[in-house]
Amino acid sequence: MKNKNLKKIVGKLHLWLGLPSGIIVFIIAITGCLYAFQQEISNYTEDYRFVKEENNLFLPPSQLLPIAQRELPKKNIHALKYNGKNEAVEAIFYHYQPTYYYTTYLNPYTGNVLKTVNNETGFFHFILDGHFYLWLPQDIGQVVVAVATLIFLLLIISGFILWYPKNKSAAKQRFSFNWKKGMKWKRKNYDMHNVTGFYVLSIALIFAITGLVWGFQWFAYSYYTILGGEKSLLYIEPISQQASDTKSKLVPLDAIWLKMIKEYPKAESIEIHPPETDSAAIAANANDNKSTYHTADYRYFDQYTLQEIEVNHLWGRIKNDKIADRLFKMNYDIHTGGIFGLAGKIFAFLISLLIASLPVTGTLIWWGRKKKNRRQCQ
């Protein structure tokens with residue numbers, strides 16, 4: 001009786017939480033599916049991202065930055081990203097308030113401008129905006145998505161309690177589709193919801209947890225602390241000690257760029273961030289696998305002395321990372337499946353598609369029962 005009453009209460013909770021949040025979970029899952037192969041599709045369709053490999057050396061930042069700046073003279077260059085020998089250099093223009101995000105693609109050998117793209121337009125930006133904000137204003141949409149993700153986490157837990165079979169006989173119907181000829185669609189739909197829910201449960205749990213890391217600051221700090229993390233999650237820009245004989249910032253940028261090339265000979269991408277103020281540091285990072293984010297090594301240098309500056313926040317040297325730091329940095333790559341390469345993305349795509357089916361089959365179960373109750377009352 002206790003188990004029966006518990007399942008009845010959990011069933012009501014599952015229903016009341018699932019109905020209002022179902023459409024949001026569906027949108028988040030579908031947009032996640034559509035965004036899964038954004039990088040691969042962009043590489044295939046956007047030919048301006050690539051150049052013909054030459055025997056010449058890449059142009060240094062001091063030569064490429066003025067060329068990029070002429071494209072958008074009133075915008076701030078956030079970073080210059082060098083990629084492979086047959087890829088364009090990306091001059092990234094980014095600012096939070098007022099918000100803008102552009103990329104100018106440059107030939108690394110000649111400095112020719114290949115294209116300037118507004119990253120806040122286009123199909124994939126539309127999809128990502130839906131995934132993060134449901135196409136609502138960011139301040140509102142972010143909260144709605146975060147709350148819906150938290151509810152989805154509760155639905156996963158409550159769904160498992162409802163799925164858990166009471167005996168061995170019932171267990172046979174929980175792991176596979178035992179559809180007999182002539183079986184009604186309601187029963188098939190019920191099995192679709194139960195069996196699919198069980199098999200995606202563990203991955204859905206990972207999606208929910210990694211999604212909540214972005215959704216709520218308190219969740220991110222709690223998650224990181226439980227993992228054993230001790231660093232600050234707040235990015236604090238290192239300070240350069242301003243010298244009396246201030247020199248051009250372009251020569252130091254070239255020096256740091258050459259240093260990064262020398263120390264990371266296998267890097268697939270090297271990113272240099274020009275200091276935006278007289279007291280800011282030069283930030284740089286190198287990534288041996290640019291398809292993932294957790295593999296990037298972040299470093300900071302005094303813009304006057306070029307001495308390296310150590311940081312106490314998470315976005316520092318990989319060699320200083322503990323297990324908790326590494327796991328937290330993997331959050332995006334785990335969420336997208338990118339941590340396992342293309343195979344991981346395909347798997348994440350398929351799981352997201354199955355997750356998107358759960359609100360549909362769940363709503364149909366509710367609708368079928370509602371119609372049945374109406375007939376009984378007549």
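**Figure 1. Surroundings of R49, a buried residue with a relative accessible area of 18%.** The view is taken from a predicted model. R49 counts as buried because its relative accessible area of 18% falls in the range under 20%. R49 sits in the loop that runs between helix 2 (38-45) and helix 3 (61-71). Its side chain makes a polar contact with the side chain of E46, at 3.1 Å. Leaving aside residues up to four places away in sequence, R49 touches S42, N43, E87, A88 and Y105.

**Figure 2. G338 in the loop between helix 11 (331-336) and helix 12 (341-377).** The relative accessible area of G338 is 6%, so this glycine is buried. When residues up to four places away in sequence are not counted, G338 touches T292, D333 and K345. Y293 can also be located in this view: 45 residues separate Y293 from G338 in sequence, and their C-alpha atoms are 9.1 Å apart.

**Figure 3. The cis peptide bond between Q97 and P98.** Omega for this bond is about -5°. P98 belongs to the loop between strand 2 (89-95) and strand 3 (100-106).

**Figure 4. L134, a residue other than glycine with a positive phi.** The phi of L134 is about 60°. L134 is placed in the loop between helix 4 (123-133) and helix 5 (138-163). With a relative accessibility of 13%, L134 is buried.

**Figure 5. L306, a residue other than glycine with a positive phi.** Phi is about 65° at L306. The loop that holds L306 lies between strand 7 (296-301) and helix 10 (323-329). L306 counts as partly exposed because its relative accessibility is 30%, and the partly exposed class lies between under 20% and over 50%.

**Figure 6. The protein chain that holds the sites shown in the close-up views.** The chain has twelve helices and seven strands. Its C-alpha atoms fill a box of roughly 90 × 45 × 35 Å along the principal axes. Of the 378 residues in the chain, 42% are buried. Among contacts between residues at least 6 apart in sequence, 59% join residues at least 24 apart. The accessible surface of the chain is about 22,000 Å², and carbon and sulfur atoms account for 61% of that surface. The chain carries 43 positive and 29 negative charges, and the mean positions of these two sets are 24 Å apart.

Technical notes: Residues numbered from 1 in each chain as written. Predicted model: local features only at pLDDT ≥ 70, side-chain atom pairs only at ≥ 80, totals over all residues. Heavy atoms only, no water. Helix = DSSP H or I, 4+ residues; strand = E, 2+ residues; numbered from the N terminus. Buried < 20%, exposed > 50% of the residue type's maximum accessible area, 1.4 Å probe, protein only. Contact = heavy atoms within 4.5 Å. Areas by Shrake-Rupley, 256 points an atom, 1.4 Å probe, with all protein chains shown as cover. Lys, Arg positive; Asp, Glu negative; His and termini not counted. Charge placed at Lys NZ, Arg CZ, Asp CG, Glu CD. Polar contact = N/O pair within 3.5 Å; in protein donor to acceptor, adjacent residues only side chain to side chain.
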